[in-house]
Amino acid sequence: MSEHSNDEHPVDRRARIKAWLGQARFYAEEFYSARYRGAIARAQRDEDDLFMLMVFSELMGVPNPVAYYTLELQPLMLERFHDWHRRMGMEKSPLDDFRCC
Amino acid sequence: MSAIVILFLGLGGMALAYFLYSKFIAEKVFRLDSKFRTPAHEFEDGIDFVPTNRYVLWGHHFTSVAGAAPIVGPAIAVIWGWLPAFLWVVFGTIFFAGVHDTGALWASVRNRAKSVGALTGDVVGKRARSLFMVVIFLVLLMVNAVFGVVIAGLLMRFPSAVVPVWGAIAVALVIGQLIYRRIIGLALVSLIGVVALYGLIIIGPSMPLQMPDQVAGLPGNAIWILILFGYAAIASLLPVWVLLQPRDYINGLQLFIGLIILYGALVILNPAMVAPMINDNVPAGTPSIIPLLFVTIACGAISGFHGLVAGGTSSKQLDKETDARLVGYFGAVGEGMLALGAILAATAGFASLTDWSAMYDAFGKGGVNAFVEGGAYIISNGLGLPETTAATLLTVMAALFAGTTMDTGLRLQRYIFQEWGEIYQQQWMKKPAMATLLAVGSCLILAFGAGADGSGGLLIWPLFGTTNQLLAGLTLLVVTVMLVRLGRPMWFTLGPLLFLLVMTVLALLTQLRSFYEAGNYFLLVLDIVVLIASILVAMECAAALKRVRRESATKAEG
């Protein structure tokens with residue numbers, strides 16, 4: 001270490017080291033993320049778009065495309081459905097096209 | 001002759017070129033303007049267009065372009081002696097690669113950050129654009145096949161590296177999760193990653209895993225190639241943050257550490273150049289140095305692959321136009337430094353000329369194995385590391401680079417197949433899994449096509465270099481046409497372009513003859529395909545330049 005750094009006030013030195021570490025962290029994080037920022041942001045945007053579509057589709061008069069596919073889930077749900085509608089306080093199935101007991 | 005002298009001559013030359021020649025190119029030819037509003041600012045969207053710190057961008061540009069290719073090419077080309085390879089790497093970096101990379105960045109930045117392929121369509125014409133797609137596909141196909149063969153060869157020859165090479169993938173997977181789930185900060189993660197990787201390298205020699213010579217009727221080499229492509233196919237389908245991003249990060253750190261270790265050991269040991277300056281006594285069957293030298297060393301002297309990186313991603317992130325000089329030119333210099341290290345390792349890292357000649361007993365031999373063994377000799381004698389540990393270190397470095405290029409290459413090839421599925425209305429081809437299968441299949445055909453044990457890959461190395469140079473030629477054509485339209489000096493890009501075209505066509509003709517004489521009809525056909533592409537490129541060049549000159553002539557009259 002040079003004499004200069006020995007004379008320096010400890011608070012100054014700490015601040016300088018802190019600034020240097022902050023700079024190093026900035027470079028490391030940029031180096032990690034910059035290359036793939038686009039790909040990851042795009043993936044997130046796609047998910048958000050899908051979510052928006054599901055939330056607002058009925059509102060915009062577009063039939064929810066997911067509803068159609070949930071039909072496939074019916075056999076899997078059937079066993080749990082009876083207990084579910086009882087717990088929800090309904091004696092019979094509330095859905096016209098989903099019969100139960 | 002001492003290796004340090006060569007090292008400093010090379011580094012000094014490239015440094016001088018960066019300070020003088022690149023300044024001239026940037027100010028007088030491309031006229032980079034720090035006030036020009038770059039696409040990163042104009043279209044800033046937080047996704048693709050993000051103004052990025054120039055040192056960060058340089059780091060990305062450098063680590064994306066510096067892979068296994070600047071190691072393999074020079075390490076094969078020293079068979080003609082170290083001087084020709086040295087001169088081509090130094091002068092190629094200065095007058096070809098640096099100008100090409102800066103030019104590709106400039107051309108893309110001045111055209112709303114379009115990729116070089118799209119630019120070819122706009123600046124040169126639709127036909128040239130289709131040609132560009134075909135050449136890219138050929139480059140990717142060859143690079144995947146070659147690197148599969150290279151890694152398999154390394155894993156057969158250096159079994160101590162098997163555990164660290166595959167362990168590194170596990171390390172990357174863990175790091176990816178740690179960062180993604182924000183469990184600990186990046187500084188600590190980097191430290192853990194590097195320590196874990198080097199820990200694996202140190203324990204590697206004590207647990208070597210040797211693939212048997214024969215497994216189920218197939219050579220061990222072929223088994224490794226199949227495993228590698230299986231891995232690359234899976235890796236290319238994973239989301240980028242799972243494996244690609246953390247592994248690239250670790251690779252980048254490893255590249256810097258590896259270069260420092262290799263150069264440090266060279267300076268401490270100061271070995272003498274063992275290989276002849278110019279090899280008068282080349283093994284039988286070695287092709288003529290002109291034109292083959294200029295396609296054997298592609299990356300490290302000039303490579304079209306850089307244009308893809310420059311145009312596709314770097315140009316969208318350039319903060320100021322003047323940064324193109326650091327990112328493009330100095331990125332190329334960085335790669336030249338790696339190639340220089342490879343040359344020195346493969347020529348000075350041997351105890352005697354007999355050892356060296358035994359390594360280079362035929363054309364295409366030596367290569368990356370010579371780099372690893374020579375480099376290990378230098379590191380173990382210079383820094384006192386055990387030789388197997390040093391060899392493991394360099395094998396891991398080369399294998400990780402090649403592996404990264406492989407799965408990026410497969411991903412890009414998959415996109416091309418998916419695009420073709422879109423164009424030709426083939427629903428099945430648009431599915432990622434099917435497109436990946438097609439990509440892997442075509443690479444395997446190439447790797448096994450020339451030899452049942454998968455040794456065919458290395459035979460196509462010069463063909464890969466040729467195709468890569470063609471790609472560089474197309475990029476230089478785009479830049480030249482733009483310069484002529486602006487009335488700027490064109491010889492600084494047209495000169496390299498003409499040189500490349502002549503050398504690639506000559507190299508293809510030479511190889512055509514040798515494939516025919518060897519009765520290797522598979523490679524013969526491939527050679528003809530590339531030859532047709534290169535003639536088409538040459539004709540496109542002539543037509544485009546003629547048209548542009550006519551345009552400017554009518555403009556002058558009107």
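These questions and replies cover a predicted model with attention to chain B and its contact with chain A. Residues are numbered from 1 along each chain as its sequence is written, and chains are lettered from A in the order in which they are written. In this predicted model, local features need pLDDT of at least 70, side-chain atom pairs count only at pLDDT 80 or more, and totals for chains, interfaces and linings use all residues.

Me: What makes chain B as compact as a globular protein of that length?
Reply: Chain B has 24 helices and 2 strands; these are DSSP runs, helices being H or I of at least four residues and strands E of at least two, numbered from the N terminus. The radius of gyration, taken over C-alpha atoms, is set against 2.2 Å times the number of residues to the power 0.38. For 558 residues the rule gives 24 Å; chain B has 23 Å, which is close, so chain B is that compact.

Me: Why are A435(B) and F448(B) called buried?
Reply: Buried means 20 or more other C-beta atoms, placed from the backbone, within 10 Å of a residue's own. Both are among the buried residues of α20(B). Across chain B, buried residues make up 58% of the 558.

Me: How do you know that the span of α20 of chain B agrees with its 18 residues?
Reply: The expected span is 1.5 Å times one less than the number of residues. That gives 26 Å for residues 432-449; the end C-alpha atoms are 25 Å apart, so the two agree.

Me: What makes a residue part of the contact between chain B and chain A?
Reply: Two residues are in contact if their C-beta atoms, placed from the backbone, lie within 7 Å. The contact takes 20 residues from chain B and 17 from chain A. The largest share of chain B's side, 4 residues, comes from α12(B).

Key
A residue is buried if 20 or more other C-beta atoms lie within 10 Å of its own, exposed if 12 or fewer, and partly exposed in between; C-beta atoms are placed from the backbone.
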